[in-house]
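Visitor: Could you walk me through this model and tell me how each label is justified?

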Amino acid sequence: MIPARGYAAPDARSPLTPFQFERRDPGPRDVQLEILYCGVCHTDLHMARNDWSFSPYPLVPGHEIVGRVVRVGRDVKKFQPGDLAGVGTMVDSCRACVDCKDGYEQYCKVRGVLTYGSPEQDGKSFTQGGYSDSVVVDEHFVLKVPTNLDPAAVAPLLCAGITTYSPLRHWKVGPGQKVGVVGLGGLGHLGVKFALALGAHVTVFSHTDRKKQDALRLGAHEVVVSSKPEEMAAKANSLDFILDTVSAAHDVNAYLGLLRRDGHLVLVGFPAKPLEVAPVALLSRRASFSGSGTGGLPETQAMLDFCGKHGIVSDIELIPIQGINDAFDRLEKGDVKYRFVIDAKSLK
Ligand code: NAP
Ligand code: ZN
């Protein structure tokens with residue numbers, strides 16, 4: 001076994017504290033990474049606090065990992081020691097069901113293994129995430145990281161990036177389309193960058209006026225403060241596509257009413273409580289309301305390659321691991337521009 005150091009949530013209410021544990025020795029198809037950077041996703045906060053009622057403890061969060069390959073198993077073909085590599089939200093799946101075969105491993109219902117909080121291969125422990133110094137992952141779930149980008153700012157692409165890229169591609173967002181991005185956080189700001197790169201007209205919906213200038217700096221064409229009814233009314237029946245990234249309970253009907261005929265609203269935010277949908281908001285415009293979860297391995301690699309080509313990375317605030325509890329407090333208040341990334345050097 002490989003000794004590992006990280007920070008773990010001991011239970012749903014306590015701050016994260018230093019934690020020592022073990023990683024498995026790399027098997028024939030495994031890649032061992034020395035973690036360099038790990039993004040702080042709002043999901044980490046939901047999971048640390050047990051918002052969705054399935055968190056095991058102690059829990060080492062983190063599923064936006066960029067690291068350096070230090071060791072590979074004998075059958076590994078894609079990587080060699082020294083390569084820069086990434087790991088996102090999943091580390092294993094059944095590989096045999098229709099979803100896995102189609103490259104949508106994130107929807108595997110047989111044996112989807114999340115990067116943290118899922119049963120480990122030993123059948124006894126749980127997977128532990130990237131708020132740590134190393135990780136061992138089957139090469140199928142390890143991504144090649146473009147070398148022309150800042151690796152710290154690449155880390156958030158492994159979850160926030162693919163989660164926003166995937167629905168934009170699935171719904172074929174492109175030039176001539178009017179896109180709304182709801183919530184300018186980690187996911188939202190990358191959604192803006194991708195929608196712009198795909199050629200869409202982008203309007204950001206933010207619940208206060210604090211992020212207006214940032215949204216415009218990111219390249220958004222328009223900004224609407226969603227708490228101002230007159231600004232929302234001015235956008236009624238105007239959008240082709242809405243990407244809803246909000247982490248907290250909110251009125252989704254207010255956004256469905258902004259869609260044109262045949263428009264789509266895709267939910268990627270994951271509030272802890274169910275959302276209510278008013279039938280009239282959908283049937284009055286033949287609108288569709290759907291959800292989307294991260295992305296499979298082929299699409300995640302395609303997203304990273306797209307980012308390499310278009311120079312897309314996350315706006316980040318680099319923090320030492322010792323700052324993680326303050327970062328969680330600020331994330332809860334929406335006070336982050338636009339992703340905290342842990343510098344794993346601080347664990348040494
Ligand atoms: P984040 O950085 O905290 O951003 C969330 C944004 O939501 C905030 O910046 C804020 O934007 C808005 N918001 C927060 N509280 C609000 C409230 N009370 N009312 C209205 N708006 C509010 O979080 P994130 O990391 O982007 O994650 C967003 C959500 O996506 C989380 O629920 C996370 O678990 C989920 N997620 C889902 C997937 C998936 O596979 N579908 C993957 C990753 C994350 P404004 O200040 O601009 O309004
Ligand atoms: Zn995430």
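**Ligand 1 and the zinc ion**

Guide: Let's begin with ligand 1: one of its nitrogen atoms lies 2.9 Å from a backbone N or O atom of Ser 292. This is a predicted model, where local features need pLDDT of at least 70, side-chain atom pairs count only at pLDDT 80 or more, and totals for chains, interfaces and linings use all residues. Residues are numbered from 1 along each chain as written, chains are lettered from A and ligands numbered from 1 in written order, and side-chain values use heavy atoms, leaving out hydrogens and water.

Visitor: What makes the pair of His 42 and ligand 1 a polar contact?

Guide: A polar contact is a pair of N or O atoms within 3.5 Å; within protein, one must be able to donate a hydrogen and the other to accept it, and residues adjacent in sequence count only if both atoms are side-chain atoms. A polar side-chain atom of His 42 lies 2.7 Å from an oxygen atom of ligand 1, so the pair qualifies.

Visitor: Why is ligand 1 said to lie between two domains?

Guide: Because domain 1 (2-159 + 314-347) and domain 2 (161-291) both give residues to its shell; the bounds come from an automatic or database domain assignment.

Visitor: What makes Cys 41 a donor of the zinc ion (ligand 2)?

Guide: Donors are N, O and S atoms within 2.8 Å of the metal (3.2 Å for Na, K and Ca); water is not among the atoms, so sites may look incomplete. Cys 41 (SG), His 63 (NE2) and Cys 159 (SG) coordinate the zinc ion at 2.0 to 2.2 Å, so they qualify.

Visitor: Why is Cys 41 called buried?

Guide: Buried means under 20% relative accessible area, exposed over 50%, partly exposed in between (1.4 Å probe, protein chains only). Cys 41 has 3%, so it counts as buried, and Cys 159, at 5%, is buried as well.
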